[in-house]
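Good morning, colleagues. Please take a moment to look at the sequence and the structure on the screen before I begin.

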Amino acid sequence: SKMPRRRRGKGPQRSRWAARDVSDDPDAPQRVAEESGNRMEKIDALVKRKHDGLVVVLEDPYDEGNAGAVIRSCDAFGVTEVWFVHNGLDEGTSMRKHVERYEEMDIDSTDMMKASSSATRWMVCRTLRSTQHALDELRGMEYRQFATCFTEKSVSLYQTDLTSKKMALWVGNEFEGLSKLAIEGCDVELFIPMRGMIQSLNLSV
């Protein structure tokens, strides 16, 4: 049997915006209010909780579902900007043809919207066509760049200084991780310690 369709604005199925109470304090819990408030005031309060100066860079992401999940996580943690780096879109920029998509991520696609829970509406999403271009632009904007990878130079996330006012976190392709160019172009190489048998997290996480 089919599930009944939700009715907007009626009973317990009313919009979550109508029942959301947001504090300006970024460390305060987001409670549910007994009475609805002004929607724009709530949006403004949420914006104040965001992290300015933090960019997540996805190098050659392949699956839109994974990319959408990253955007949803970024929104949850207050990140406001995600960069998609797609090598191979322009002639001469390809580095790893076996992992490149040769087409941009469509943030308005059905898969992306579902995976991100529509978080794409609240994020700044940019597409760049080469890793070197992204590295140079972030460096010119005085961002400290972090590469997530397993190398001899990689340090634990828990031992990494993350107090810079401007930080860019690079995350690699689902199959091959970050390219050598991206790793060598970043200021810090870090990894997240794993307690289990698997040594890495899925891109969507």
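In which helix is serine 116 found? Serine 116 belongs to helix α3, which covers residues 110–116. I should say at once that we are looking at a predicted model.

Let me remain with this serine. With a relative accessibility of 0%, serine 116 counts as buried. Its side chain reaches the backbone oxygen of methionine 113 at 3.4 Å. Apart from neighbours within four places in sequence, serine 116 is in contact with Gly68, Ile71 and Arg72. As for cysteine 74, its C-alpha atom is 9.6 Å from that of serine 116, although their positions lie 42 residues apart along the chain.

I turn now to the overall arrangement. The protein has five helices and nine strands, and their order along the sequence is β-β-α-β-α-β-α-β-α-β-β-β-α-β. Of the 205 residues, 38% are buried. If one takes the contacts between residues at least 6 apart in sequence, 72% of them join residues at least 24 apart. The accessible surface amounts to about 13,400 Å², and carbon and sulfur atoms account for 49% of that area.

The next topic is aspartate 60. This residue sits in the loop between β3 (51–59) and α2 (64–76). Is aspartate 60 buried or exposed? The relative accessible area of aspartate 60 is 2%, so this residue is buried. Its side chain reaches the backbone nitrogen of asparagine 87 at 3.0 Å. Beyond residues up to four places away in sequence, aspartate 60 touches several others, including Val85, His86, Val99 and Asn173.

Aspartate 60 also leads us to the salt bridges, of which the structure holds nine. As a general remark, side chains of opposite charge can pair when their charged atoms come close. Arginine 96 and aspartate 60 form one such bridge, at 3.4 Å from N to O. Arginine 96 lies in the loop between β4 (79–85) and α3, whereas aspartate 60 lies in the loop between β3 and α2, so this pair ties together parts that are 36 residues apart in sequence. Arginine 96 is likewise buried, with a relative accessible area of 11%.

A further bridge joins glutamate 104 to arginine 129, with the closest N and O atoms 2.9 Å apart. Because glutamate 104 lies in the loop between β4 and α3 and arginine 129 in the loop between β5 (124–128) and α4, the pair ties together parts that are 25 residues apart in sequence. Glutamate 104 is partly exposed, at 37% relative accessibility, and arginine 129 is partly exposed at 33%.

In the bridge between glutamate 137 and arginine 126, the closest N and O atoms are 2.6 Å apart. Here helix α4 supplies the glutamate and strand β5 the arginine, so parts that are eleven residues apart in sequence are tied together. Salt bridges with shared partners also join Glu59, Asp60 and Arg96 into one network.

Which residues of helix α4 (residues 131–140) are buried? They are Thr131, Ala134, Leu135 and Leu138. These residues lie on the same side of α4, because they cover an arc of only 100 degrees around the axis. After α4 comes glutamate 142, which has a positive phi, near 65 degrees.

I close with the surface. Tyr158, Ile192 and Leu201 form a nonpolar patch there, and their accessible area together is about 330 Å². Isoleucine 192 is in the segment after β9 (188–191), and at 35% relative accessibility this isoleucine counts as partly exposed.

Note on methods. Residues are numbered from 1 along each chain as its sequence is written. This is a predicted model: local features need pLDDT of at least 70, side-chain atom pairs count only at pLDDT 80 or more; totals for chains, interfaces and linings use all residues. Side-chain values use heavy atoms; hydrogens and water are left out. Patches are made of residues with over 30% relative accessible area and no salt bridge: like charges are joined within 9 Å, nonpolar side chains (Val, Leu, Ile, Met, Phe, Trp, Tyr) within 5 Å. Accessible areas come from the Shrake-Rupley method with a 1.4 Å probe; for residues, only the protein chains shown count as cover. A salt bridge is a side-chain nitrogen of Lys or Arg within 4 Å of a carboxyl oxygen of Asp or Glu. Helices (H or I, at least four residues) and strands (E, at least two) are DSSP runs, numbered from the N terminus. Buried means under 20% relative accessible area, exposed over 50%, partly exposed in between (1.4 Å probe, protein chains only). The arc is that of the directions from the helix axis to the C-beta atoms. A polar contact is a pair of N or O atoms within 3.5 Å; within protein, one must be able to donate a hydrogen and the other to accept it, and residues adjacent in sequence count only if both atoms are side-chain atoms. Contact means heavy atoms within 4.5 Å.
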